[in-house]
Amino acid sequence: QVQLVESGGGLVQPGGSLRLSCAASGRTLSTYAMGWFRQAPGKEREFVAAINWSVGTPFYEDSVKGRFTISRDNAKNTIYLQMNSLKPEDTAVYYCAASTKWRAVLVPSTPGLYDYWGQGTQVTVSS
């Protein structure tokens, strides 16, 4: 089992920044990839970014490229999502996820490949 705890959400004005954190505990040695997904009201959960846990290769959804940065700290079993130039359309509940499946490295945007999910943290971008 892997437990994930997110933090760092909040209210920010358009153009502002936030940094989300996701701390993993439990059987983290079996993790191939970790990622961030988000879900806005009335919409399906969508991929935001992911990172290969062993080598650190990042992957991004097109709409966040150049604005968001995913990173990891293996010693702390924590991943981060630095979000800059935030837009109102970034408003959503952001979920951290971890995968013990090697295919998640190949197709990191597929929610079904992730075994564990955090409780979510709200990000609201509004003036």
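From the N terminus on, the elements of the chain follow the order β-β-β-β-β-β-β-β-β-α-β-β. This amounts to one helix and 11 strands. The model is a predicted one.

The overall dimensions come next. The C-alpha atoms occupy a box of roughly 40 × 25 × 25 Å along the principal axes. The radius of gyration is 13 Å. For 127 residues, a compact globule would have a value near 14 Å, so the chain agrees with that expectation. Of the 127 residues, 43% count as buried. Contacts across long stretches of sequence are also part of the picture. Among contacts with a separation of 6 or more, 56% join residues 24 or more positions apart.

The surface and the charges were examined as well. The chain exposes about 6400 Å². Carbon and sulfur atoms supply 50% of this area. There are 12 positive and 9 negative side chains. The centres of the two sets lie 5 Å apart.

The interior holds a largest nonpolar core of 28 residues. The residues with the most contacts inside this core are L4, M34, W36, L81, M83 and Y94. Many strands contribute to the core. At least two of its residues come from each of β1 (2–7), β3 (18–26), β4 (33–39) and β5 (46–52). The same holds for β7 (68–73), β8 (78–83), β9 (92–99) and β11 (121–125). Another core, of eight residues, lies apart from the largest one. Its members include A33, F37, A104 and L113.

L81 shows how the elements meet. Neighbours within four places in sequence are left aside here. L81 then contacts L18, R19 and L20, along with W36, V48 and A49. Its further partners are F68, T69, I70 and Y94.

I70 is found in strand β7. With a relative accessible area of 5%, I70 falls under the 20% limit and is therefore buried. Beyond four places in sequence, I70 is in contact with M34 and W36, and with A49, A50 and I51. P58, Y60, Y80 and L81 are also in contact with I70. Q1 is placed 69 residues from I70 in sequence. The C-alpha atoms of I70 and Q1 are 23 Å apart in space.

F47 belongs to strand β5. Its relative accessible area is 11%, so F47 is buried. Sequence neighbours up to four places away are again not counted. F47 touches W36 and F37, then F59, Y60 and E61, and finally P108 and S109. D62 is 15 residues from F47 in sequence. Between their C-alpha atoms the distance is 9.8 Å.

A serine, S21, lies in strand β3. S21 is buried too, because its relative accessible area is 16%, and buried means under 20%. Outside the four nearest places in sequence, S21 touches V5, E6 and S7. W36, T78, I79 and Y80 are also touched by S21. W36 is thus a contact of S21, of F47, of I70 and of L81.

Several loop residues were also considered. N77 sits in the loop between β7 and β8. Although N77 is not a glycine, its phi is positive, at about 50°. N77 is partly exposed, as its relative accessible area is 22%. S85 lies in the loop between β8 and β9. Phi of S85 is near 50°, again a positive value in a residue other than glycine. At 40% relative accessibility, S85 counts as partly exposed.

V107 is located in the loop between α1 (103–106) and β10 (116–117). This residue has 32% relative accessibility and so counts as partly exposed. S30 lies 77 residues from V107 along the chain. The C-alpha atoms of V107 and S30 are separated by 17 Å.

Methods:
Residues are numbered from 1 along each chain as its sequence is written. This is a predicted model: local features need pLDDT of at least 70, side-chain atom pairs count only at pLDDT 80 or more; totals for chains, interfaces and linings use all residues. Side-chain values use heavy atoms; hydrogens and water are left out. Helices (H or I, at least four residues) and strands (E, at least two) are DSSP runs, numbered from the N terminus. The radius of gyration is taken over C-alpha atoms; the globule rule is 2.2 Å times the number of residues to the power 0.38. Buried means under 20% relative accessible area, exposed over 50%, partly exposed in between (1.4 Å probe, protein chains only). Contact means heavy atoms within 4.5 Å. Accessible areas come from the Shrake-Rupley method with a 1.4 Å probe; for residues, only the protein chains shown count as cover. Lys and Arg count as positive and Asp and Glu as negative; His and the chain ends are not counted. The place of a charge is taken as NZ of Lys, CZ of Arg, CG of Asp or CD of Glu. A nonpolar core is a set of buried Ala, Val, Leu, Ile, Met, Phe, Trp, Tyr and Cys residues joined through side-chain atoms within 4.5 Å.
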